[in-house]
Amino acid sequence: MSDLVYRPIVVAARTFFAGLGLKIDVVGEQNIPRTGGAVLAINHTSYLDFALGGIPADRVGHRLVRFMAKDSIFRHPVAGPLMRGMKHIPVDRDAGSAAFRDAVAALKAGELVGVFPEATMSRSMEIKEIKNGAVRMARAANVPLIPMIIYGGQRLLSYDHKDFSRGKPIAMTVGEPMPLPRGVNPDELTEELRRRLAVLLDETLVRYPDKPPGAWWIPARLGGSAPTPEEALEIEARIRAAKEAASSD
């Protein structure tokens, strides 16, 4: 597959991250296959997760990841042509069957497909409830399902936070492929995927080097000031209600 758009963007992203002096620590990239399709199921805390999420695969034979992203990005006058040029996969949340078919086709063609099964960014920095699409795609295409954690990107660009000062640490952990036995309900496997993501998150946080007491980017259970998962749900409910009220005016 020709990648005349994607490859230069990868180079630009490397240059951008180097300019920011990011201290990128990746563990487990060997779990990404050097050839063939696989689903990367990634947690989501930052608007930069799409760019950061490609780093482990790039280190494994310069592989590229086709990310699934909401279709509104593809309609943006600047981002849209770039997303299409990189052959990412648009997702219409009201009609996701086309995206599912496109993702399975890409996987069967030997591509890596990146999925954020939480759907939206986590305000609590914990793993939210997740959708079963990653499990169903991996099973339909008969490819590995690989859980993966990115941590630290939220400090650069996330909900209500933007800070491009230099030297921030980014930690990533790529887990081992998860078994997908036939006959097991996809929802049960999805709960196992969530459990594995939570374990990988804890492993990543142990080695994350910047955890001052009360830091907003650290989960509340570890002494940070991020909202608890329950508080995050309340915040999201208020935001949804405000948007619905505004749209009805």
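Here is a short chat about one pocket and two helix pairs in a predicted model.

Colleague: Before we start, what pLDDT do local features need?

Modeller: Residues are numbered from 1 along each chain as its sequence is written, and side-chain values use heavy atoms, without hydrogens or water. As this is a predicted model, totals for chains, interfaces and linings use all residues, side-chain atom pairs count only at pLDDT 80 or more, and local features need pLDDT of at least 70.

Colleague: Which helix gives the most to the lining of the second largest pocket?

Modeller: A pocket here is an open set of points on a 1 Å grid over the protein atoms alone, where a 1.4 Å probe fits, with protein on both sides within 12 Å along at least five of seven lines; lining residues have an atom within 4 Å of a point. This one is lined by 15 residues, with Lys128, Glu129, Pro229, Leu233 and Glu236 nearest its centre. The top contributor, with 6 residues, is helix α9 (residues 229-248); helices are DSSP runs of H or I, at least four residues, numbered from the N terminus, and that one is α9.

Colleague: How do α7 and α8 lie relative to each other?

Modeller: Helix α7 (residues 133-141) and helix α8 (residues 186-207) have axes 8 Å apart and pack at about 115 degrees, with axes fitted to C-alpha atoms over the stretch in contact and angles running from 0 to 180 degrees between N-to-C directions. Angles of 65 to 115 degrees count as roughly perpendicular, under 35 as roughly parallel, over 145 as roughly antiparallel and the rest as oblique. So α7 and α8 are roughly perpendicular.

Colleague: And which term describes α6 and α7?

Modeller: The axes of helix α6 (residues 97-108) and α7 come within 9 Å and cross at roughly 45 degrees. That makes the pair, therefore, oblique.

Colleague: Which α7 residues make the contact with α6?

Modeller: Contact means heavy atoms within 4.5 Å. On the α6 side sit Phe100, Ala103, Val104, Leu107 and Lys108, and on the α7 side Gly133, Arg136, Met137, Ala140 and Ala141.

Terms used:
Helices (H or I, at least four residues) and strands (E, at least two) are DSSP runs, numbered from the N terminus.
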